[in-house]
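Trainee: Could you take me through one part of this model in detail, going from a single residue to the core and then to one of the residues that a core member touches? I would like a connected account rather than a list.

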Amino acid sequence: MIKKKFLSADREAPLGWIYLKMYDDKSFEFISQGIMRDKDIYEGNYKLKNDTFYFKYKDSIPKAGSKAIIQKGFVIYLNGNYSESLQVKLNNISINE
C-alpha cells in the first residue's frame, strides 16, 4: 500500500534543512539534514487530539520535541529543548478528525 502524504512542512536550517512529513496512515518522518552533517531521520506515529499533534517516536526523540500545533501556516513544537517551527507546504488534515 502506498502512503499518501497528509502534511508536509519544512524550514531552512544552518547549513541544511528540517523536514516534517506526515502520512495518512498516521506515520511520520522528522528529518534533519545538512551539507556538513548526516541525515537524521526520526520516525514514528502521530495522534491528533483537539488541535494538538502528539508524536510517538520509534527510537530517539529529536530536540524539537514530541508535541506540536498548526498555527498561521506553521507547525509549532511546544515541548522541545528549543523553539521549532516549520512552514506548512501541504495540509490535508482536518482539525475536526
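Mentor: Let us begin with Ser8, bearing in mind that this is a predicted model. Ser8 counts as buried because its relative accessibility is 14%, which falls under the 20% cut-off. This serine lies in strand β1, which covers residues 5-13, and, when its neighbours within four places in sequence are left aside, Ser8 is in contact with Leu20, Gln87, Val88, Lys89 and Leu90.

One of those contacts, Leu20, leads to the largest nonpolar core, which has 22 residues and in which Leu20, Met22, Phe28, Phe30, Phe55, Val75 and Tyr77 have the most contacts. Two or more residues of this core come from each of β1, β2 (16-23), β3 (27-34), β4 (40-49), β5 (52-57), β7 (74-77) and β8 (85-91), and the largest share, 4 residues, comes from β1. In soluble globular proteins, nonpolar side chains tend to be buried together.

Within that core, Phe28 is worth following outward: not counting residues up to four places away in sequence, Phe28 touches a set of residues including Leu20, Met22, Tyr42, Glu43, Phe55 and Tyr57. Among these, Glu43 lies in strand β4 and is partly exposed, because its relative accessible area is 37%, a value between the 20% and 50% limits. Apart from neighbours within four places in sequence, Glu43 is in contact with Phe28, Glu29, Lys56, Tyr57 and Lys58, while the C-alpha atoms of Glu43 and Ile31, 12 residues apart along the chain, are separated by 8.6 Å.

How values were computed
Residues numbered from 1 in each chain as written. Predicted model: local features only at pLDDT ≥ 70, side-chain atom pairs only at ≥ 80, totals over all residues. Heavy atoms only, no water. Buried < 20%, exposed > 50% of the residue type's maximum accessible area, 1.4 Å probe, protein only. Contact = heavy atoms within 4.5 Å. Core = buried A, V, L, I, M, F, W, Y, C linked by side-chain atoms within 4.5 Å.
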